[in-house]
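Work through the exercises below with the sequence and the model side by side. Try each task before reading its solution.

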Amino acid sequence: MEKTYQIEGMKCEGCAKTVQETLTQVAGVTEVTVDLNQKTATVMGDVPEQALQAALKDSHYHLLTN
């Protein structure tokens with residue numbers, strides 16, 4: 001499954017790298033692609049949205065949901 005999320009708080013390449021590395025570590029995630037210009041992260045794998053939000057909880061970045 002593939003889903004794209006808006007990420008709040010990304011301002012630079014370092015931010016994008018942190019978001020990508022953090023989300024990649026979530027169980028069930030097979031691939032993460034981050035687009036700094038669009039402020040999005042596309043997550044592939046079978047993973048609940050709550051797990052992605054929890055992974056970013058202690059960072060300065062927030063997963064925005066519909």
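Helices (H or I, at least four residues) and strands (E, at least two) are DSSP runs, numbered from the N terminus. The model is a predicted one, in which local features need pLDDT of at least 70 and side-chain atom pairs count only at pLDDT 80 or more, while totals for chains, interfaces and linings use all residues. Residues are numbered from 1 along each chain as its sequence is written, and side-chain values use heavy atoms, with hydrogens and water left out.

**Exercise 1.** Place T42 in its strand, and decide whether T42 is buried or exposed.

*Solution.* Begin with the strand, which for T42 is β3. Next take the relative accessible area, where buried means under 20%, exposed over 50%, and partly exposed in between (1.4 Å probe, protein chains only). T42 counts as buried because its relative accessibility is 14%. Then look at the surroundings: leaving aside residues up to four places away in sequence, T42 touches E2, K3, T4, E31, V32 and T33, a contact being heavy atoms within 4.5 Å. Finally, the side chains of T42 and T4 make a polar contact at 2.9 Å; such a contact is a pair of N or O atoms within 3.5 Å, and within protein one must be able to donate a hydrogen and the other to accept it, with residues adjacent in sequence counting only if both atoms are side-chain atoms.

**Exercise 2.** Find how β1 is paired with β3 and with β4.

*Solution.* Two strands pair if DSSP finds at least two bridges between them. β1 and β3 run antiparallel and are joined by 5 bridges; within this pairing, Q6 has T40 of β3 as its bridge partner. β1 also pairs with β4 (residues 62-64), again in the antiparallel sense, over 3 bridges, and here E8 stands opposite H62.

**Exercise 3.** Describe the phi angle and the exposure of K39.

*Solution.* Locate K39 in the loop between β2 (29-35) and β3. Most residues other than glycine have a negative phi. The phi of K39, however, is near 60 degrees, a positive value in a residue other than glycine. With a relative accessible area of 33%, K39 is partly exposed.

**Exercise 4.** Which residues line the largest cavity, and which strand gives the most to the lining?

*Solution.* The lining consists of M1, E2, K3, Y5, V43, G45 and V47, where lining residues have an atom within 4 Å of a point of the cavity. β1 gives the most, with 3 residues.

Notes:
1 Å grid on protein atoms, 1.4 Å probe; cavity = no way out; pocket = protein on both sides within 12 Å on 5 of 7 lines; lining within 4 Å.
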